[in-house]
Amino acid sequence: VQLQASGGGLAETGGSLILSCAASGSGFIASNLGWYRQTPGKERELVARIDADDRTDYELSVKDRFTISRGSDKNTVYLRMNSLKPEDSAVYFCHGRFTGWGVRPSDDYWGQGTLVTVSS
């Protein structure tokens, strides 16, 4: 399983960005997908996650501004970020756990990170 993230970039305060992350390979399906973010000197924190039943969970500061969703293939995850704030600036990482051939349900897979910068 390889996760490929895209969609980061520069946005103005109040603007929007959409991040996407696709899992390459075959024979598996995502059980949990999520987005984390990290800024220099801080630990990586959960932003949002979605499970196999499409139940979602959000970090409090992004609730009602960000929306996580899965693609129809179930192995792609999106994060729509609205009403962006400078404090949302970070490197965003997608994360996934999968079931199927050649993967263990407890294994964590990470994308390469995509930079989001929100100007004030």
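# A walk through the strands

Visitor: How many of the seven residues of strand 5 (residues 45–51) are buried?
Guide: Strand 5 is largely enclosed by the rest of the structure, because most of its residues are buried. Keep in mind, as we go, that this is a predicted model. A residue counts as buried when its relative accessible area is under 20%. In strand 5, the number of the seven residues that pass this test is five.

Visitor: Which residue in strand 5 is the bridge partner of Y36?
Guide: Let's look at the pairing. Strand 4 and strand 5 run antiparallel and are joined by six bridges. Within strand 5, the partner of Y36 is L46.

Visitor: Which residue takes a positive phi in the hairpin of strand 4 and strand 5?
Guide: This hairpin has six residues between its strands. One residue there takes a positive phi near 80°, and that residue is G41.

Visitor: And which residue of strand 6 stands opposite R49?
Guide: Strand 5 also pairs with strand 6 (residues 56–58), in the antiparallel sense and over three bridges. The hairpin of these strands has four residues between them, and D54 takes a positive phi near 65° there. Across from R49, in strand 6, stands D57.

Visitor: How many bridges join strand 4 (residues 28–38) to strand 9 (residues 90–100)?
Guide: These two strands run antiparallel. One example of their pairing is N32, whose bridge partner in strand 9 is R97. The number of bridges that join strand 4 to strand 9 is 10.

Visitor: Which residue of strand 11 does Y92 stand opposite?
Guide: Strand 9 runs antiparallel to strand 11 (residues 114–119), and three bridges join them. Opposite Y92, in strand 11, you will find T114.

Visitor: What stands opposite G96 in strand 10?
Guide: Strand 9 pairs with strand 10 (residues 109–110) as well, again in the antiparallel sense, over two bridges. The residue of strand 10 that stands opposite G96 is Y109.

Visitor: What angle lies between the planes of Y36 and W110?
Guide: A pair of aromatic rings is described by the distance of the centres and the angle of the planes. The structure holds three aromatic pairs. In the one formed by Y36 and W110, the centres are 5.0 Å apart and the arrangement is edge-to-face, with an angle between the planes of 70°.

Visitor: How many residues apart are Y36 and W110 along the chain?
Guide: This pair links distant parts of the chain. Y36 lies in strand 4 and W110 in strand 10, and their separation is 74 residues.

Visitor: Is W110 buried or partly exposed?
Guide: Start with its ring partner: Y36 has 19% relative accessibility and counts as buried, since the limit for buried is under 20%. W110 has 36% relative accessibility, and values between 20% and 50% belong to the middle class. W110 therefore counts as partly exposed.

Visitor: What is the distance between the ring centres of F98 and Y109?
Guide: F98 and Y109 form an edge-to-face pair, with 75° between the planes, and their centre-to-centre distance is 5.7 Å. This pair, too, links distant parts of the chain, with F98 in strand 9 and Y109 in strand 10, 11 residues apart. To return to your question, the distance between the centres is 5.7 Å.

Visitor: What is the relative accessible area of F98?
Guide: Y109 counts as buried at 17% relative accessibility. F98 is buried too, and its relative accessible area is 0%.

Visitor: Which residue forms one aromatic cluster with F98 and Y109?
Guide: We have just met F98 and Y109 as an edge-to-face pair. They belong to one aromatic cluster, and the residue that joins them there is F28.

Visitor: How far is the charged end of R44 from the ring centre of W110?
Guide: R44 lies over the face of F93, at 3.7 Å from the ring centre. The charged end of R44 also sits over the ring of W110, and its distance from that centre is 4.7 Å.

Visitor: What is the radius of gyration of the protein chain?
Guide: The secondary structure comes to zero helices and 11 strands. A compact globule with 120 residues would have a radius near 14 Å, and the protein chain agrees with that. Its radius of gyration is 14 Å.

Conventions:
Residues numbered from 1 in each chain as written. Predicted model: local features only at pLDDT ≥ 70, side-chain atom pairs only at ≥ 80, totals over all residues. Heavy atoms only, no water. Pairing = 2+ DSSP bridges. Buried < 20%, exposed > 50% of the residue type's maximum accessible area, 1.4 Å probe, protein only. Phe/Tyr/Trp six-rings, centres within 6.5 Å; stacked < 30°, edge-to-face > 60°. Lys NZ or Arg CZ within 6 Å of the ring centre and 35° of its normal. Rg over C-alpha atoms; globule rule 2.2 N^0.38 Å.
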